[in-house]
Amino acid sequence: MSRFLKGAHYYKSVGETLDEIKCLLQAGDLVYGELLYWDDYVFDNSSSVSSLISKTQSDKIEKFATGLINSAISKLEDYISKNPNDYDSQILLAGTL
């Protein structure tokens, strides 16, 4: 996931908006995937206290993933408004939504 965040940062620095967006989407997707794994195998739900702690941690991770995806969607919508003939990007947005 960190490679996609680094990639997004790099692409932003060189002005490659579409590649930045794709990296943000990939990073968000990977965080969601890891969250599913952690929910099944890492978080401890054996007691009410540990379950509450696990839920809090899970919520923070989900909020981070959602932030990545929402940021990418917002940037993609802006990109499409400036490049209305980029149909591939429109398909990417539709698939993301």
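This section describes the fold, the nonpolar core, the salt bridge and selected residue pairs of a predicted model.

The protein chain contains four helices and zero strands. Read along the sequence, these elements follow the pattern α-α-α-α. Along the principal axes, the C-alpha atoms of the protein chain occupy a box of roughly 55 × 25 × 15 Å. The radius of gyration of the protein chain is 16 Å, whereas a compact globule of 97 residues would have a value near 13 Å. Of the 97 residues of the protein chain, 29% count as buried. The accessible surface of the protein chain amounts to about 6,600 Å², and carbon and sulfur atoms supply 55% of that area. Among contacts between residues at least 6 apart in sequence, 55% join residues that are at least 24 apart.

The largest nonpolar core comprises 18 residues, of which I21 and L76 touch the most other members. Helices α1 (2-13), α2 (17-41) and α3 (48-82) each supply at least two residues of this core. The largest share, eight residues, comes from α3. When residues up to four places away in sequence are not counted, L76 touches L18, I21, S89, L92 and L93. The two residues with the most core partners, I21 and L76, are thus also listed as touching one another.

The structure holds one salt bridge. This salt bridge is formed by K75 and E20, with the closest N and O atoms 3.2 Å apart. Because K75 lies in helix α3 and E20 in helix α2, the pair ties together parts that are 55 residues apart in sequence. The two partners fall into separate accessibility classes. E20 has a relative accessible area of 7% and is therefore buried, the limit for that class being under 20%. K75, at 25% relative accessibility, counts as partly exposed. The surroundings of E20 extend beyond its salt-bridge partner. Leaving aside neighbours within four places in sequence, E20 is in contact with A8, Y11, K12 and K75. Of these contacts of E20, A8, Y11 and K12 fall within the range of α1 (2-13).

A nonpolar surface patch of about 450 Å² is made by Y37, W38, Y41 and V42. Within this patch, V42 is found in the loop between α2 and α3. V42 counts as partly exposed because its relative accessibility is 40%, which lies between the 20% limit for buried residues and the 50% limit for exposed ones. Y37, W38 and Y41, the other members of the patch, fall within the range of α2 (17-41).

Further residues of α2 were examined through their spatial relations to other parts of the chain. L30 is placed in helix α2 and is partly exposed, with a relative accessible area of 31%. The C-alpha atoms of L30 and M1 are separated by 6.1 Å, although the two residues are 29 apart along the chain. Apart from neighbours within four places in sequence, L30 is in contact with M1 and F4. M1 therefore appears both as a contact of L30 and in the C-alpha pair described for L30, given that contact means heavy atoms within 4.5 Å.

D39 also lies in helix α2, and D39 is partly exposed, with a relative accessible area of 33%. Two C-alpha separations involve D39. One of them joins D39 and A8, which are 31 residues apart along the chain and have C-alpha atoms separated by 27 Å. The other joins D39 and K55, which are 16 residues apart along the chain, with 8.9 Å between their C-alpha atoms. K55 is found in helix α3 and is partly exposed, with a relative accessible area of 49%. The D39 and K55 pair thus relates a residue of helix α2 to a residue of helix α3. The salt bridge between K75 and E20 also relates helix α3 to helix α2. A8, the residue 27 Å from D39 between C-alpha atoms, is one of the contacts of E20, and E20 belongs to helix α2 as well.

Technical notes:
Residues are numbered from 1 along each chain as its sequence is written. This is a predicted model: local features need pLDDT of at least 70, side-chain atom pairs count only at pLDDT 80 or more; totals for chains, interfaces and linings use all residues. Side-chain values use heavy atoms; hydrogens and water are left out. A nonpolar core is a set of buried Ala, Val, Leu, Ile, Met, Phe, Trp, Tyr and Cys residues joined through side-chain atoms within 4.5 Å. Buried means under 20% relative accessible area, exposed over 50%, partly exposed in between (1.4 Å probe, protein chains only). Patches are made of residues with over 30% relative accessible area and no salt bridge: like charges are joined within 9 Å, nonpolar side chains (Val, Leu, Ile, Met, Phe, Trp, Tyr) within 5 Å. Accessible areas come from the Shrake-Rupley method with a 1.4 Å probe; for residues, only the protein chains shown count as cover. A salt bridge is a side-chain nitrogen of Lys or Arg within 4 Å of a carboxyl oxygen of Asp or Glu. The radius of gyration is taken over C-alpha atoms; the globule rule is 2.2 Å times the number of residues to the power 0.38.
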